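Please work through the exercises below with the sequence and the coordinates at hand. Each one gives a task and then a solution that proceeds step by step.

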Amino acid sequence: CADSAMYLAKELGRNNYQFFTSELMIRAQHRYALERNLRRALVEDEFLVYYQAKVNLLTQKIVGAEALIRWQMEDMNIVAPNEFIPFAEEIGLIVPIGRWVLTQAARHAQQWRQQYQFDFKISVNISPKQFQDPNLPSFIKDVLDETGLDPNALQLEITEGLLMVEADHLGGVFDAIKQLGVSISLDDFGTGFSSLSYLQRFPIDNLKIDRSFIREIPANQDSVVLTKAIIAMSNALGMSVTAEGVESLEQMDFLKEAGCQEMQGFYFSKPLSVEAFEALLQKNLHS
Ligand code: C2E
Ligand code: MG
Ligand code: MG
Ligand code: MG
């Protein structure tokens, strides 16, 4: 790639060549600054975990939450994960960041389970690089031991992209995680190069229907049909199914009708800070 960039730059002539290299340099400097900032963020505790409720469609009761990372530098606006997680994944910094999220999420979940005495479940996003870290299962075990969280209360959200890479050594990680009693959800289902054989090959407990399908309901007939099919397939295969990105009453009613058990989306609640989520939990438990 660098070679072809050079070639292209030379083709374009001397001035362009100069322009081209300085562009690349700026990009490299920007990446370096971002990496430095992310490393500092870990040390200085600049990350936050927000929680978005997962709700039982029939009872409208909160059954759990998804942990979603945020970044807040002093006196600055909150930065969304799409702005830094892909880069952290690229440079491997996702491993320590992901460990931090997992620890925080397990602590909060255990606190809420004890405080409110109910079977609250917590979901944590795990990127491909984290999942391929051979120390992940033992790290999870340490977190469960340290927090006292029931393994059944923890779910890992992985994406289809992970399952496409060399699958041989993945089996061992899946086995070790299942051994612990932790469950696995396939996030953004339907957007990757989904292959139904993954569902046979890997021990997946839950499918999360991607927001892009839910968003088009009921206007787009294809989305309606595909969503129904995913729900029917999950139920038939003994997996639970969660709809993400539910924004309207109409979508909620459709999902209920189609046999979906669980939803997550702005219609019920946006991702919230710890304090705001606790207030929502209390209100929901007493409603
Ligand atoms: P995701 O795991 O698919 O999370 C769902 C995203 O959809 C969240 O965005 C959430 O705020 C958003 N969302 C939920 N309901 C609605 C809705 O009704 N309407 C709309 N428009 N959006 C909705 P967020 O928090 O910005 O996270 C984006 C992505 O960043 C996540 O997608 C996940 O892939 C990644 N991510 C977040 N936290 C972590 C983390 O701790 N570790 C890793 N590895 N990735 C993370
Ligand atoms: Mg997720
Ligand atoms: Mg998702
Ligand atoms: Mg998504």
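The exercises that follow concern a predicted model, and they go from the overall fold to the metal sites and then to the aromatic side chains.

**Exercise 1. The chain as a whole**

Task: Find how many helices and strands the protein chain has, and state what share of its residues count as buried.

Solution. Begin with the secondary structure, which comes to 13 helices and 8 strands. Next take the extent of the C-alpha trace, which spans about 70 × 45 × 40 Å along its principal axes. Then turn to accessibility: of the 287 residues of the protein chain, 45% count as buried. Finally, consider the contacts between residues at least 6 apart in sequence, of which 66% join residues at least 24 apart.

**Exercise 2. The sheet**

Task: Determine in what order the strands of the closed barrel run, and identify which helices pack on the sheet.

Solution. The closed barrel has 8 strands in the order S1-S2-S3-S4-S5-S6-S7-S8, and its pairing is mixed. Neighbouring strands of this sheet are turned by 30 degrees against each other on average, if direction is ignored.

For the pairing, start at S1 and S2, which run antiparallel and are joined by 9 bridges; within this pair, Leu-48 has Arg-70 in S2 as its bridge partner. The hairpin of S1 and S2 has 5 residues between the strands, and there Gln-60 takes a positive phi near 65 degrees. S1 also pairs with S8, in the antiparallel sense and over 2 bridges, with Met-263 in S8 as the bridge partner of Val-55. By contrast, S7 and strand S8 (residues 262–264) run parallel and are joined by 3 bridges, and here Gln-264 in S8 is the bridge partner of Glu-244.

Now add the helices. Helix H8 (residues 170–180) packs on the sheet by touching strand S4 (154–159) and S5, and its direction makes about 125 degrees with that of S5. Helix H13 (residues 274–285) also packs on the sheet, touching strand S1 (47–56) and strand S2 (62–71), with a direction that makes about 20 degrees with that of S1. As a last step, note the accessibility of S1: 8 of its 10 residues are buried, so S1 is largely enclosed by the rest of the structure.

**Exercise 3. The two magnesium ions**

Task: List which residues coordinate the magnesium ion (ligand 2) and which are the protein donors of the magnesium ion (ligand 3), then establish which residue bridges the two ions.

Solution. The magnesium ion (ligand 2) is coordinated at 2.0 to 2.2 Å by Glu-66 (OE), Asn-125 (OD1), Glu-157 (OE) and Asp-187 (OD). The spacing of these donor residues in sequence is E-x58-N-x31-E-x29-D. Because Glu-66 lies in strand S2 and Asp-187 in strand S5, this pair ties together parts that are 121 residues apart in sequence.

For the magnesium ion (ligand 3), the protein donors are Asp-187 (OD), Asp-188 (OD), Glu-244 (OE) and Glu-244 (OE), at 2.1 to 2.6 Å from the ion. Their residues follow the spacing D-D-x55-E. Here too distant parts of the chain are linked, since Asp-187 is in strand S5 (residues 183–189) and Glu-244 in strand S7 (residues 240–244), 57 residues apart.

Comparing the donors gives the bridging residue: Asp-187 bridges both ions, which lie 3.8 Å apart. To finish, check burial against the cut-off of under 20% relative accessible area: Glu-66 counts as buried at 5%, and Asp-187 counts as buried at 6%. Glu-244 is buried as well.

**Exercise 4. Aromatic side chains**

Task: Classify the ring pair of Trp-112 and Phe-120, and find which residues the ring pairs link into a cluster.

Solution. There are 13 aromatic pairs in the count. For Trp-112 and Phe-120 the ring centres are 5.5 Å apart and the planes stand at 80 degrees, so the pair is edge-to-face, planes over 60 degrees apart being the criterion. Trp-112 is buried, with a relative accessible area of 0%, and Phe-120 is likewise buried at 0%.

Trp-112 also pairs with Phe-277, at 5.0 Å centre to centre and with 50 degrees between the planes, which is a tilted arrangement. Since Trp-112 lies in helix H4 (residues 94–116) and Phe-277 in helix H13, this pair ties together parts 165 residues apart in sequence. Phe-277 is buried too. Taken together, the ring pairs link Tyr-51, Trp-112, Phe-118, Phe-120 and Phe-277 into a cluster.

Definitions and conventions:
Residues numbered from 1 in each chain as written. Chains lettered and ligands numbered in written order. Heavy atoms only, no water. Donors = N, O, S within 2.8 Å, 3.2 Å for Na, K, Ca; no water. Helix = DSSP H or I, 4+ residues; strand = E, 2+ residues; numbered from the N terminus. Buried < 20%, exposed > 50% of the residue type's maximum accessible area, 1.4 Å probe, protein only. Pairing = 2+ DSSP bridges. Axes fitted to C-alpha atoms, helices over the stretch in contact; angles between N-to-C directions. Contact = heavy atoms within 4.5 Å. Phe/Tyr/Trp six-rings, centres within 6.5 Å; stacked < 30°, edge-to-face > 60°.
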